[in-house]
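Visitor: Could you take me through this protein, beginning with how its parts meet?
Guide: Certainly; please have the model on screen.

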Amino acid sequence: MKLSFEKSRDGRSFPILPPLDVPREDLPEGLLRKSPPRLPQMAQPDISRHYTELAKRTHGVNDGFYPLGSCTMKYNPKLNDEMAALPGFTGIHPLQPPETAQGCLEVLFAAERLLCLITGMDAMTFQPAAGAHGEFTGVLLIKAWHDARGDKKRAKIIVPDSAHGTNPATASMTGYQVVNVPSDSEGGVDMAALREAVGDDTAGLMLTNPNTLGIFDKNILEITRVVHEAGGLNYYDGANLNAVMGIARPGDMGFDVVHLNLHKTFSTPHGGGGPGSGAVGCKARLEPFLPKPRVVRCKDGFAFSDPERSVGSVKAFYGNFLVTLRALVYMLTLGADGLRDAAQNAVLNANYMMKGLSDVYDVAYPGICMHEFVLTLEKLKKERGVSAMDVAKSMLDYGMHPPTMYFPLIVKEALMIEPTETESRETLDQAIAVLREIRARADSDPGSLHDAPLNTPVRRLDEVGAARHPVLKYNFDGVSD
Ligand SMILES: *Cc1c(COP(=O)(O)O)cnc(C)c1O
């Protein structure tokens, strides 16, 4: 397929900006570009076809089943996008005086109240742009709290080995030493190892729950107690709150900080690097450290206010506002019962699929799972030479997106499957049938799986090459730079 730059023809562009309806202001000379940007010039129908052609070469949630574990690629109600497209929300400017944007401030305020209710927290910021960014912000709060008390020796953050990879990365980015704690035979935190690890140098613990094995840690109350008794704070990675929302609250389990991925659980379509929100909630004792600004209620409506000991801003303005808006619409349309239903269906669907596969595939940690489960294909690879990659890629030939592969790292030849709450029983049955058929082919004709996918517009990609030598921009005139 040709790139838009290759399809470009000089003079074929069309005006996209309306005529100026305000006085013209020229930028200072020093800020002007020396030459016009080299943008592709195409007619409208050609642009439309270009992107349609691109879209056909990939697999989205509108094409079919997309069980990407740890990522929650679910169908999101279109109503939320309709609301996010209302001109009252899209036509505002972040520097507008707050008196003229009261509705938008109310959106932030109302979303904060509801999400605090759902998580059991007291206050929340929507500034972080993604989950990992939320973790970073949350750990900054933990650090600020210890610093404010003059407790300088707390240099370590405890991270179980079943955590999402961003947890240890965050702890390290914020200047902490990461202390790894292994999992026990049931996939939970090894309690003896945790007790061993805590001490007066423990700043806190980061717990992904459900963890990346799809398991809710049954010792969770004991875990948070052990950390609190050592003087540390507890951080809950709630990216995948769709497993527990409306049923259990991190705030009631002894957690001081939580982040949510509004772009996973609360209905902003993601993937491809679209806008996200790693909202961070905290208990009252951490509220003075939250990023600024925050929205507060005042006597004539809503206003911005800076927390007294704020860690500063982690992003311009108030984060990705329209993501917060979608979350609010999602919560208001589903209501408390609907949110609980969504969580129960997420868990039911995952258990249904796990049961439908567990006689032909090895489940890494059998038992009840939450919103996702992990298969291990180690034995299959040894006995038949068929890898997790082969099985995953074969699914594409049946019109299904592969699950997450080779993650979590503590499981060999892992396939991590998250059906999500929005799939029907028919779709789950079909996915189970496809995975069973692939398993049967691994016995009868394993060679046929090595070359999959065969029926997709692009075949097996050179993923290592793409990661090691990414070509991210068009090479004009064949000159490399
Ligand atoms: C997705 C995810 C993250 C990271 O979120 P990003 O928005 O990709 O930065 C962190 N923790 C868990 C458990 C996740 O599933």
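Guide: What follows covers the domain interface and then one helix. This is a predicted model, in which local features need pLDDT of at least 70, side-chain atom pairs count only at pLDDT 80 or more, and totals for chains, interfaces and linings use all residues. Residues are numbered from 1 along each chain as its sequence is written, and side-chain values use heavy atoms, with hydrogens and water left out.

Visitor: Which domains are assigned?
Guide: The assignment gives domain 1 (80–333) and domain 2 (335–455); such bounds come from an automatic or database domain assignment.

Visitor: What area is buried between domain 1 and domain 2?
Guide: About 1,800 Å² is buried, with carbon and sulfur atoms giving 64%; this is the accessible area (1.4 Å probe) that two parts lose on being put together, summed over both. In domain 1, Thr212, Leu213 and Asn242 lose the most area to domain 2, together 30% of what that side buries.

Visitor: And how many salt bridges between domain 1 and domain 2?
Guide: The count is zero, where a salt bridge is a side-chain nitrogen of Lys or Arg within 4 Å of a carboxyl oxygen of Asp or Glu.

Visitor: Changing topic, is helix α12 buried or exposed?
Guide: Helix α12 (residues 388–397) is largely enclosed by the rest of the structure, because seven of its 10 residues are buried, meaning under 20% relative accessible area (1.4 Å probe, protein chains only). Helices here are DSSP runs (H or I, at least four residues), numbered from the N terminus.

Visitor: Which residues of α12 are buried?
Guide: They are Ala388, Asp390, Val391, Ala392, Lys393, Ser394 and Met395.

Visitor: What follows α12?
Guide: Gly399 follows, with a positive phi near 80°.

Note on methods:
Buried < 20%, exposed > 50% of the residue type's maximum accessible area, 1.4 Å probe, protein only. Helix = DSSP H or I, 4+ residues; strand = E, 2+ residues; numbered from the N terminus.
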